[in-house]
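Thank you for making time this morning. I would like to walk you through one structure, slowly, and I will explain each term when it comes up.

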Amino acid sequence: MNVIGIEGTAHTFSVGIFNGREILSLSSKAFRPEKGGIHPREAADHHASVSGEIIREAMEKSGLNAEDIELVAFSQGPGLGPCLRVAATVARTISIYRNIPIVGVNHCIAHMEIGKLLTGARDPVMLYASGGNTQVIALAGGRYRVFGETMDIGIGNMLDKFARESGIPFPGGPEIEKLALRGEKYLPLPYSVRGMDVSFSGLLTAALHLRKRERAEDIAYSIQETAFAMLTEVTERAMAHLEKDEVLLGGGVACNKRLREMVKTMAEERGAGFHAPDCKYCVDNGAMIALLGHRMYEAGCRMKIEDTVVRQRFRTDEVDVIWD
Ligand code: ATP
Ligand code: FE2
């Protein structure tokens with residue numbers, strides 16, 4: 001079954017085509033504000049204006065014709081309301097125009113499912129570290145449950161905010177990674193872990209203060225060492241608690257080589273498997289939406305247009321995992 005997946009929860013509009021076994025194509029475009037953070041309305045306008053071009057590009061790359069598409073899947077939440085509504089509208093239009101079924105999926109679970117497909121992980125604890133989300137997720141009792149999460153801002157937002165205040169354009173994470181490679185000195189920063197939860201706002205404030213007297217490279221290095229150690233610690237605690245012997249990374253921050261290295265070392269020391277998909281499938285992408293839509297449809301999930309209203313606060317543990 002050929003599925004088109006439409007992603008639009010935040011700054012990226014992306015379309016992926018999945019044929020039930022493999023990903024045929026992926027096309028994405030990210031909204032980059034000229035200055036400042038993401039304004040939801042502006043990101044939504046961006047998505048609306050690029051949607052036609054991205055769909056065409058994904059279709060061309062897939063080698064399929066419009067008539068070959070049998071199901072449309074879209075990211076129903078969680079995310080920014082205006083952005084979600086654009087993705088949902090695009091998906092509904094395709095569904096109605098082509099008279100094919102539509103399935104709305106949970107964005108966080110889509111990160112998990114694509115990671116499993118691409119890496120062969122079977123029952124991992126997933127560290128989902130992106131801009132807006134920072135969660136430790138695993139399957140328990142038929143649902144993906146959040147065992148730990150950030151109590152304030154997502155790790156990527158923390159990196160992006162630090163970068164923005166320092167004159168580095170969005171997205172800041174990759175630039176901080178480059179700066180950190182030239183760091184020579186560790187500067188102590190607030191390490192905030194409570195059980196399996198973390199928080200980053202104290203770390204951000206402290207790091208911003210350091211800019212008056214310390215080198216940017218050393219601050220970037222110290223932010224990464226501190227924040228990633230916190231993430232690694234809570235992921236390990238979840239693995240021990242749940243007795244799971246695989247870890248999977250997902251979300252844009254999972255592109256970071258230092259984070260990968262730290263989590264991999266932790267996994268190896270526990271004798272556990274380490275899995276991380278290619279960066280283009282860690283960031284928000286339409287392929288993961290198509291894949292999860294396919295899983296859900298095959299397992300019997302059906303939605304009417306009335307069921308496709310967007311869900312800004314759609315929680316990971318609200319979905320029965322009927323396809324696993
Ligand atoms: P979500 O809606 O899931 O919260 P998102 O909108 O933040 O996702 P993603 O594409 O998953 O989108 O992630 C983007 C984030 O990843 C940004 O905060 C960016 O700075 C960060 N990021 C990307 N590459 C790296 C990297 N190499 N190191 C650290 N952070 C990175
Ligand atoms: Fe995401």
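I will begin with how the model is to be read, then turn to a sheet, the helices on it, the cores, and one pair of strands.

This is a predicted model, in which local features need pLDDT of at least 70 and side-chain atom pairs count only at pLDDT 80 or more, while totals for chains, interfaces and linings use all residues. Residues are numbered from 1 along each chain as its sequence is written, chains are lettered from A and ligands numbered from 1 in the order in which they are written, and side-chain values use heavy atoms, with hydrogens and water left out.

Let me start with the sheet. Helices (H or I, at least four residues) and strands (E, at least two) are DSSP runs numbered from the N terminus, and two strands pair if DSSP finds at least two bridges between them. Five strands form an open sheet in the order 8-7-6-11-12, with mixed pairing, and its edges are strand 8 (143-149) and strand 12 (273-275), each of which pairs on one side only. Strand 11 and strand 12 run parallel and are joined by three bridges; Val-247, for instance, has Phe-274 of strand 12 as its bridge partner.

Two helices meet this sheet, where contact means heavy atoms within 4.5 Å, and where axes are lines fitted to C-alpha atoms, for helices over the stretch in contact, with angles running from 0 to 180 degrees between N-to-C directions. Helix 7 lies across strand 6, strand 7, strand 8 and strand 11, at about 155° to strand 6, whereas helix 8 touches strand 6, strand 11 and strand 12, and its direction makes about 160° with that of strand 12.

How do helix 4 and helix 7 cross? Their axes come within 12 Å and cross at roughly 170°, which makes helix 4 roughly antiparallel to helix 7, a label given to angles over 145 degrees. On the helix 4 side the contact is made by Ile-155, Met-158, Leu-159 and Phe-162, and on the helix 7 side by Ile-219, Ile-223, Ala-227, Phe-228 and Leu-231.

Several of these names return in the largest nonpolar core, a term for a set of buried Ala, Val, Leu, Ile, Met, Phe, Trp, Tyr and Cys residues joined through side-chain atoms within 4.5 Å; buried means under 20% relative accessible area, exposed over 50%, and partly exposed in between, with a 1.4 Å probe and protein chains only. This core has 45 residues, of which Ile-155, Met-158, Phe-200, Leu-203, Ile-223, Phe-228 and Leu-231 touch the most other members, and helix 7 gives the most to it, with ten residues. Apart from it lies another core, of 33 residues, including Ala-73, Ile-114, Leu-248 and Phe-314.

One residue of strand 6 deserves a moment, namely Leu-127. Leu-127 counts as buried because its relative accessibility is 1%, and, leaving aside neighbours within four places in sequence, its contacts include Leu-231, Leu-248, Leu-259 and Val-263.

Finally, strand 5 (residues 102-106) has five of its five residues buried: Ile-102, Gly-104 and Asn-106 are on one side, with Val-103 and Val-105 on the other. Strand 4 (residues 71-77) pairs with strand 5 in the parallel sense over five bridges, and Phe-74 stands opposite Gly-104.

Note on methods. Parallel < 35°, antiparallel > 145°, perpendicular 65-115°, else oblique.
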